[in-house]
Amino acid sequence: MAETKEKAKAQNRAFQEMKKAALERLQEKPAEQAAEKTGAVWKAQQGQLELISLGQRIQIAYPSWEIEEELEEWHTLLLYHYLDMADGTPLSREWVTFGNLKDGLIRGTGFDRTADMELGKFLKGKEIEELKSIFEKLGAETVDGRGDLSVEISIFPRYPFLLNIWLEDEEFQATGKLLADKSADHYLTIEDAVTAGELLLRKLKEAEAAAVQ
């Protein structure tokens, strides 16, 4: 128990330090530039940047960069890193594994394996309409793809993931493949890309639990 508490404290300290560093970098960034590079909407009259993340509307006060909605810690940090790093590169619409992102050989490839495993568990026993209902809670859009069902889910306006799904049948278990746009390196580091993937997997489970209630 004591070890768990110490680990939680260490994680919180790491989060606070990274958040502080991200906010310091953002102090130099004009709101109009942030909107242009990230795809957010700048509402000058209200002094707010607004964007959609996983189906949730998020408002960021300027110049404090305070996020008005309640987000989990790592979602908050991802948003700050996105606002800081985004350079406005257009989406390529070329989908790649996390292992094929910049510096993704170790962290990215490891997450690819984790995502495959977690998606297999999540998809087990589910039908297409049930899955669509869950994905819609996260603002997903059904798109043409290689699977029985393919959806595009936007972590941020210019940071989408593609999820290809193959349903189980008499011969094979259900499988899923999570992919990133090749332009992702212009918006988040590989460490943040993996964190974004982990966030999505958690949100899928939360949406599944909410659908059951």
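**Exercise 1. Work out how helix α3 (residues 73–85) sits against helix α6 (residues 190–212) in this predicted model.**

Start with the axes: those of α3 and α6 come within 10 Å and cross at roughly 140 degrees. Next, pick the right word for that angle. Roughly antiparallel needs an angle over 145 degrees, and roughly perpendicular covers 65 to 115, so α3 is oblique to α6. As for handedness, α3 passes α6 in a left-handed crossing.

Now look at who touches whom. On the α3 side you'll find Trp74, His75, Leu78 and His81. On the α6 side, the contact is made by Asp192, Thr195, Ala196, Leu199 and Lys203. Sort the residues of this contact by class and you get 4 nonpolar, 3 polar and 2 charged.

**Exercise 2. Do the same for helix α4 (residues 107–123) and α6.**

Axes again: α4 and α6 are 10 Å apart, and they pack at an angle of about 10 degrees. Angles under 35 degrees count as roughly parallel, so that's the label for α4 and α6.

Then list the contact. α4 brings Arg107, Gly108, Phe111, Ala115, Glu118, Leu119 and Phe122. From α6 come Ile190, Glu191, Val194, Gly197, Glu198, Leu201, Leu204, Lys205 and Glu208. By class, this contact splits into 8 nonpolar, 2 polar and 6 charged residues.

**Exercise 3. Find the aromatic pairs that Tyr62 forms with Trp42 and with Trp65, and describe their geometry.**

First, what do you need to know about a pair? Aromatic ring pairs are described by the distance of the centres and the angle of the planes. Searching the whole structure turns up 9 aromatic pairs.

One of them is Trp42 with Tyr62, at 5.6 Å centre to centre and with 80 degrees between the planes. Planes over 60 degrees apart count as edge-to-face, so this pair is edge-to-face. The two residues are 20 apart in the chain: Trp42 is in strand β1 (residues 41–43), while Tyr62 is in the loop between β3 (56–61) and α3.

Now for Tyr62 and Trp65: their centres are 5.3 Å apart, the planes make 80 degrees, and this pair is edge-to-face too.

Finally, check accessibility, remembering that buried means under 20% and exposed over 50%. Trp42 has 24%, so call it partly exposed. Tyr62 has 28%, so Tyr62 is partly exposed as well. Trp65 has 1%, so Trp65 counts as buried.

**Exercise 4. Which residues form one aromatic cluster with Phe98?**

Look for Phe111, Tyr159 and Phe161: together with Phe98 they make up one aromatic cluster. You've met Phe111 already, on the α4 side of the contact with α6.

Notes
Residues are numbered from 1 along each chain as its sequence is written. This is a predicted model: local features need pLDDT of at least 70, side-chain atom pairs count only at pLDDT 80 or more; totals for chains, interfaces and linings use all residues. Side-chain values use heavy atoms; hydrogens and water are left out. Axes are lines fitted to C-alpha atoms, for helices over the stretch in contact, and angles run from 0 to 180 degrees between N-to-C directions. Helices (H or I, at least four residues) and strands (E, at least two) are DSSP runs, numbered from the N terminus. A crossing is left-handed if the near helix is turned anticlockwise from the far one by less than a right angle, and right-handed if clockwise. Contact means heavy atoms within 4.5 Å. Ala, Val, Leu, Ile, Met, Phe, Trp, Tyr, Cys and Pro count as nonpolar, Asp, Glu, Lys and Arg as charged, and the others, Gly among them, as polar. Rings of Phe, Tyr and Trp (its six-membered ring) pair if their centres lie within 6.5 Å; planes under 30 degrees apart count as stacked, over 60 as edge-to-face and the rest as tilted. Buried means under 20% relative accessible area, exposed over 50%, partly exposed in between (1.4 Å probe, protein chains only).
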